Amino acid sequence: MAMFILLLCTITIYVMIIAGALLREQSQKETLIAHFDTNLTGTKSCAETGFMMKYDADSFRAENQEEIIRREAVISQESVFKRYALEKKLISHVAAGNYEQAVRILDSFSDNPDDYLDLIARIPDDPGRRLRFFGSLLNSMLRVSLLSSQIPVIHIHVISTHFGILLEEAPVEYLREERILHRIIEAYCYYAGEFSGASYSETVSKITDYIIIHINEDLSLHRIADAFHFSPAYVNRILKKETGCTTVAYIKKSRIFLAKTLLHFGDLTIADIAVSVGYSDCNYFCRVFKQLEGISPLQFRQLHGERIP
């Protein structure tokens with residue numbers, strides 16, 4: 001009898017544990033549903049939006065599946081293939097620095113909404129938001145596609161950050177007047193063209209990458225040679241052979257080129273830019289800049305600088 005009572009108590013305890021777990025799971029589901037209702041549909045409930053959040057395959061209603069398929073379906077494979085083929089051509093022209101050809105490809109994209117039915121759920125209806133949307137897509141696509149190029153990553157970062165902020169904060173009228181999509185292509189094409197002929201050996205690529213990474217530090221031929229366990233003479237010789245510059249000249253050229261990028265696309269003061277590219281003395285930086293570019297950093301910014309309105 002005692003054994004039976006003990007067994008019954010044990011079963012009762014297990015049932016209570018399982019029931020408690022089920023109640024906690026149900027409570028968690030209700031909390032999740034409330035969370036998604038609030039965060040994904042604003043103040044409307046799932047019932048009001050007509051789209052129920054489901055968490056298991058059995059309870060996922062057929063009409064919800066049809067809704068997703070309807071919104072995301074690729075209606076025309078031909079239009080999708082054509083669009084991706086144009087994107088590949090656009091990227092290849094930008095990577096080669098061919099601005100005019102790249103712009104022609106961009107302008108040849110279809111204006112027919114039926115060719116974008118697979119994207120229609122994500123394209124904003126408002127023309128201004130749509131311009132920002134496509135600008136962000138273009139900026140991201142070119143940024144990622146050029147990461148494998150010879151363009152130092154820091155330049156790509158400065159360009160993409162500038163246009164990202166511009167697309168987010170600038171008035172729509174300014175973006176239209178400036179033909180922002182063409183401007184994005186122009187910027188990436190310029191840097192692709194500047195570095196298109198830079199095909200270096202693995203050793204020299206590592207050295208030039210090291211210089212860019214440490215551009216704001218005290219760089220010298222001996223420091224670079226020590227970093228790779230080479231003799232200074234060897235570093236100077238292979239760098240001169242492949243880049244046409246001595247180590248000191250290449251460091252100076254890299255610093256001024258990065259300064260031009262920051263002057264063109266950034267809002268840093270000239271003193272801050274000097275420090276960012278490795279010059280603690282702003283006056284000396286200005287002298288070196290004018291020696292290489294023929295104008296002062298301030299004049300360069302006045303001629304070429306882009307500010308976010």
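1. Let's start with a definition: a residue counts as exposed when its relative accessible area is over 50%, as buried when that value is under 20%, and as partly exposed in between. Glu-202 has a relative accessible area of 59%, so Glu-202 is exposed. One thing to keep in mind while you look around: this is a predicted model.

2. Stay with Glu-202 for a moment. Its side chain meets that of Lys-206 in a salt bridge, at 3.4 Å from N to O. Both residues belong to helix H10 (residues 202–213), and they are four residues apart, or about one turn of the helix. Here is the general background: an α-helix has 3.6 residues a turn, so residues three or four places apart point the same way. What about the other partner, Lys-206? With 45% relative accessibility, Lys-206 is partly exposed.

3. How many salt bridges does a search of the whole structure find? The count is four. In general, side chains of opposite charge can pair when their charged atoms come close. Another one to click on joins Glu-178 and Arg-183, with 2.6 Å from N to O. Check how covered each partner is: Glu-178 is partly exposed at 31%, while Arg-183 has a relative accessibility of 12% and counts as buried.

4. Glu-217 and Arg-223 make a salt bridge as well, and their closest N and O atoms are 2.5 Å apart. Glu-217 is partly exposed, at 30% relative accessibility. Arg-223 is also partly exposed, with a relative accessible area of 26%.

5. Now have a look at helix H11 (residues 221–228). Which of its residues are buried? They are Leu-221, Ile-224 and Ala-225. These three sit on the same side of H11, because they cover an arc of only 100° around the axis. Turn the helix over and you find the exposed residues His-222 and Asp-226 on the face that points away from the buried side.

6. Leu-221 has a neighbour worth a glance, Ala-233. The two are twelve residues apart in sequence, and their C-alpha atoms are 8.8 Å apart in space. Ala-233 belongs to helix H12 (residues 232–243). Is Ala-233 exposed, partly exposed or buried? Its relative accessibility is 49%, so Ala-233 counts as partly exposed.

7. On to the rings. The structure has 13 aromatic pairs. One of them is Phe-289 with Phe-300, an edge-to-face pair with 5.8 Å between the centres and 75° between the planes. This pair links distant parts of the chain, since Phe-289 is in helix H15 (residues 282–293) and Phe-300 is in helix H16 (residues 297–304), eleven residues apart. Both of these Phe residues are buried.

8. Ring pairs can also join up into a bigger set. Here they link Phe-163, Tyr-190, Tyr-191, Phe-195, Phe-257 and Phe-265 into a cluster. A ring can have a charge for company too: the charged end of Arg-255 sits over the ring of Tyr-279, at 5.5 Å from the ring's centre.

9. Last, the surface. Val-144, Leu-147 and Val-153 form a nonpolar patch there, and together they have about 260 Å² of accessible area. Val-153 is in helix H7 (residues 153–169). Its relative accessible area is 51%, so Val-153 is exposed.

How values were computed. Residues are numbered from 1 along each chain as its sequence is written. This is a predicted model: local features need pLDDT of at least 70, side-chain atom pairs count only at pLDDT 80 or more; totals for chains, interfaces and linings use all residues. Side-chain values use heavy atoms; hydrogens and water are left out. Rings of Phe, Tyr and Trp (its six-membered ring) pair if their centres lie within 6.5 Å; planes under 30 degrees apart count as stacked, over 60 as edge-to-face and the rest as tilted. Helices (H or I, at least four residues) and strands (E, at least two) are DSSP runs, numbered from the N terminus. Buried means under 20% relative accessible area, exposed over 50%, partly exposed in between (1.4 Å probe, protein chains only). A charge sits over a ring if NZ of Lys or CZ of Arg is within 6 Å of the ring centre and within 35 degrees of the ring normal. Patches are made of residues with over 30% relative accessible area and no salt bridge: like charges are joined within 9 Å, nonpolar side chains (Val, Leu, Ile, Met, Phe, Trp, Tyr) within 5 Å. Accessible areas come from the Shrake-Rupley method with a 1.4 Å probe; for residues, only the protein chains shown count as cover. The arc is that of the directions from the helix axis to the C-beta atoms.
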